[in-house]
Amino acid sequence: MAITVIRELDESPSDGLGQGEMLSVKAVHAVPDDTDGHPGEETLCGKPTADMERLRYQPASADTSWLPPGMIPLKCRWCTDALQPLYASDPH
Ligand SMILES: [Zn+2]
C-alpha cells in the first residue's frame, strides 16, 4: 500500500520562545493513498488531512523508515503503529 507522508503544523501563537513567524511541525502522519494514487482524507490515526501539508517523501522500501530523516522525533506513534503490520507483512 502506498502512503503519503504529511505534516501537521502547529499554527497556534508562539508562547514567547522566540520562534518568530516560523510554523512548527506538530507531528508527521501517514495517509493511505486511495485507488487513484491520491492521499486519502484521513490519516492512519484518523485525523483530517485538509489542513496538513504534504511532504515530497516516499519511503523507498520496507527497510526504510516511512519518515524523512530528521523528522523521526515528530512521528505520530499511532500512524507508526498502524504501519508496522503492513510493513511486517512485506516479505522483504
Ligand atoms: Zn497520525
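Strand 1 and strand 2 pair in the antiparallel sense, joined by 8 bridges. The model described here is predicted. One position along this pairing is R7, which stands opposite V28 in strand 2. R7 also has a bridge partner in strand 3, namely E53.

Strand 1, residues 3-10, is joined to strand 3 by 2 bridges, and these two strands run antiparallel. Within strand 3, R54 is the residue opposite I6. Taken together, the 3 strands form an open sheet in the order 2-1-3, with antiparallel pairing. Strand 2 (24-32) and strand 3 (53-54) are the edge strands, each pairing on one side only. In general, the strands of a sheet pair through backbone hydrogen bonds, in either the parallel or the antiparallel sense.

**The chain as a whole**

The protein chain contains 1 helix and 3 strands. Their pattern along the sequence is β-β-β-α. Of the chain's 92 residues, 18% count as buried. Among contacts in the protein chain with a separation of 6 or more, 56% are between residues 24 or more positions apart.

**The nonpolar core**

The largest nonpolar core has 13 residues, of which I3, V5, V28, A30 and W66 touch the most other members. At least two residues of this core are supplied by each of strand 1, strand 2 and helix 1 (77-88). Strand 2 provides the largest share, 4 residues. As a general tendency, nonpolar side chains are buried together in soluble globular proteins.

V5 illustrates the surroundings of one core member. Leaving aside neighbours within four places in sequence, V5 is in contact with V28, A30, L55, Y57, W66, L67 and P68. V28, A30 and W66 are also among the core residues that touch the most other members.

**Three residues in their surroundings**

H29 lies in strand 2. H29 is buried because 27 other C-beta atoms lie within 10 Å, and 20 or more are needed for a residue to count as buried. Not counting residues up to four places away in sequence, H29 touches I6, E8, T43, L44, C45, K47, M52, C76 and C79. One of these, I6, is the residue that stands opposite R54 in strand 3. Another, C79, falls within a list that ranges over several parts of the sequence.

A2 lies in the segment before strand 1. A2 is exposed because it has 11 other C-beta atoms within 10 Å, and 12 or fewer make a residue exposed. Beyond the neighbours within four places in sequence, A2 is in contact with D33 and G37.

Q84 is found in helix 1. For Q84, the number of other C-beta atoms within 10 Å is 11, so this residue is exposed.

The table below gives one C-alpha distance for each of these three residues.

| Residue pair | Separation in sequence | C-alpha to C-alpha distance |
|---|---|---|
| A2 and Q58 | 56 residues | 8.4 Å |
| H29 and L74 | 45 residues | 8.9 Å |
| Q84 and W66 | 18 residues | 10.0 Å |

W66, the partner of Q84 in the table, is one of the core residues that touch the most other members, and W66 is also in contact with V5.

Note on methods:
Residues are numbered from 1 along each chain as its sequence is written. This is a predicted model: local features need pLDDT of at least 70, side-chain atom pairs count only at pLDDT 80 or more; totals for chains, interfaces and linings use all residues. Two strands pair if DSSP finds at least two bridges between them. A nonpolar core is a set of buried Ala, Val, Leu, Ile, Met, Phe, Trp, Tyr and Cys residues joined through C-beta atoms within 7 Å. Two residues are in contact if their C-beta atoms, placed from the backbone, lie within 7 Å.
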